[in-house]
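Biologist: I'd like to learn how to read a model like this one. Could you take me through it feature by feature?

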Amino acid sequence: MTFTARDASRGVGTSSAGGLADRNFLLLLVATACAFSNYAPMLSVVPLWSDDGGAGTAGAGAATGVTMGTTVAVQLCMPWLLRKLSLLAIFAVGAVLLGVPTFGYLLSSQLTPVLTVSAVRGVGFGMVAVAGSALVAELVTEDKRGRAVGWYGIAVGLPQVVCLPLAVWGVESWGYTAVFTVSAVLSVAAAPLIWAVSADTRQRGGRPSSADGRRSGVVEQWRPLLNPWTVLITAACALGGVTSLLPLALDDVDVAATALFVLSATVIAGRWGAGWLSDRLGPGRLLVASVLACAAGMAGFAAAVAGAPPWPVSMAAAAVYGLGFGVLQNDTLVVMFARAGPRGSGLASTAWNMAYDAGTGVGAAGVGVISGAFTMGGAFAAAAAVIVAAAPLAWLSGRTAGSARGVRHKSPPPDDPTDDIRSHTG
């Protein structure tokens, strides 16, 4: 299986790349926020729904695991899909498949129906995730890519700041029906938004071809991405465990919801800050620090669950982990774009999303199983140890990313205030 530049850019004309305030990029951000307003709250609400149905912690974690499993499965099919559909069509279809099946949760809270609905939603999410992050590289010029990834991270992360904790509170206040319905409608609304991107961007290209006129093997394509891929998946495993099981691990639902809010907010701050620095310092410079922050945050969650004062320790752990993981997300994606080359955005997007989504699913299911055999605190501590073990790979990724990009970042590009979305939107 090969994944080439032309595969990635189907539906994106070369004239469409622009700045951070370009209409097409702004539409992508809004559509992404709508789709993730379905994905984010379900990370915690579906496990609670499944637990109410008698699934227990292992079954509750399995709901997220199944979602991420089908997400990764469809991502493996992306080269084939991109031969049939444009990136924008994949995004639109994925948003519908993510949203409409959400109504299916209302049919039953028993484990089998819940897992079935989660599997279908995972297919839609896989399509949205890969198409969205690939479009970032296609719609914005390379010198603004770090900041573009940062703004895309805000579109992804803002729903987690607002919707993830609000959904936990919403279940208590309004019930599951309201939460499932609002989440479904928001995701479906992303389809017409993404299809409003200008006509030149929706044009389909010719048949896929590789950058050098020949097809390289899968191993050769993926080898440059392996180190950052491994770093990301280890931290994403921890994220899956925390977002799915923290409301069950802490006795006080208000503490859990607030911690998830803090985590999501600091992820956004980390992603935006890392994007700003990446365009000036080069990709990968903050990877080691971000890995260590993620490990420290997971150790803090373990302490909070094991008996430390839950409110201050959980908030501190959420802030440290959130900042670290936000930086890690941004830097690994920009490193992968750099290492995949100027025509490898589709390959980099697929690899990054597979690491993130597979890690989230494996972590949710794995932490649930480990907590059932031992304790939730022990499961969080084990996740922290795994993250620490990835620190050498983070160092290697940061060291080699600069050589992949050349010397372009030695002199920071001058700031252009018209590039900043904040000044554009007032």
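Biologist: Is Val100 buried, partly exposed or exposed?

Modeller: The general idea is to ask how much of a residue a 1.4 Å probe can reach, counting protein chains only: buried means under 20% relative accessible area, exposed means over 50%, and partly exposed is in between. Val100 has a relative accessible area of 43%, so it is partly exposed. Before we go on, this is a predicted model, where local features need pLDDT of at least 70 and side-chain atom pairs count only at pLDDT 80 or more, while totals for chains, interfaces and linings use all residues. Residues are numbered from 1 along each chain as its sequence is written, and side-chain values use heavy atoms, with hydrogens and water left out.

Biologist: Where does Val100 lie?

Modeller: For that you need the helices, which are DSSP runs of H or I with at least four residues, while strands are runs of E with at least two; both are numbered from the N terminus. Val100 sits in the loop that links helix 5 (87-99) to helix 6 (111-139).

Biologist: Which residues make the nonpolar surface patch with Val100?

Modeller: A patch takes residues with over 30% relative accessible area and no salt bridge, joining nonpolar side chains (Val, Leu, Ile, Met, Phe, Trp, Tyr) within 5 Å and like charges within 9 Å. A salt bridge here is a Lys or Arg side-chain nitrogen within 4 Å of an Asp or Glu carboxyl oxygen. In this case Val100 joins Val96, Phe103, Leu106, Val185 and Val188, and the patch covers about 420 Å². Areas like that come from the Shrake-Rupley method with a 1.4 Å probe, and for residues only the protein chains shown count as cover.

Biologist: And which residues gather in the patch of negative charge?

Modeller: Asp and Glu count as negative, Lys and Arg as positive, with His and the chain ends not counted. Each charge is placed at NZ of Lys, CZ of Arg, CG of Asp or CD of Glu. The negative patch on this surface brings together Asp52, Glu172, Asp251, Asp252 and Asp254. Take Asp251: you'll find it in the loop between helix 11 (226-249) and helix 12 (253-281), and its 84% relative accessibility makes it exposed.

Biologist: Let's zoom out. How many helices and strands does the protein chain have?

Modeller: There are 18 helices and 0 strands. Of the 426 residues, 59% are buried. The accessible surface is about 15100 Å², and carbon and sulfur atoms hold 67% of that.

Biologist: What share of the contacts joins residues 24 or more positions apart?

Modeller: A contact means heavy atoms within 4.5 Å. Among contacts with a separation of 6 or more, 88% join residues 24 or more positions apart. Leu232, in helix 11, gives you a feel for this. Its C-alpha atom is 6.1 Å from that of Ala355, although the two are 123 residues apart along the chain. Leaving out residues up to four places away in sequence, Leu232 touches Phe325, Leu328, Thr332, Trp352, Ala355 and Tyr356.

Biologist: Does that leave Leu232 buried or exposed?

Modeller: Leu232 is buried, at 0% relative accessibility. Ser118 in helix 6 is also a buried case, with a relative accessible area of 1%. Beyond neighbours within four places in sequence, its contacts include Ala63, Thr67 and Tyr105. The C-alpha atoms of Ser118 and Ala63 are 6.4 Å apart, with their positions 55 residues apart in the chain.

Biologist: How far apart are Ala319 and Ser264, C-alpha to C-alpha?

Modeller: They are 8.7 Å apart in space and 55 residues apart in sequence. Ala319 belongs to helix 14 (residues 310-340), and with 23% relative accessible area it is partly exposed. Ser264 belongs to helix 12 and is buried at 3%. Setting aside neighbours within four places in sequence, Ala319 contacts Val262 and Thr266, whereas Ser264 contacts Gly157, Gln160, Val161 and Leu164.
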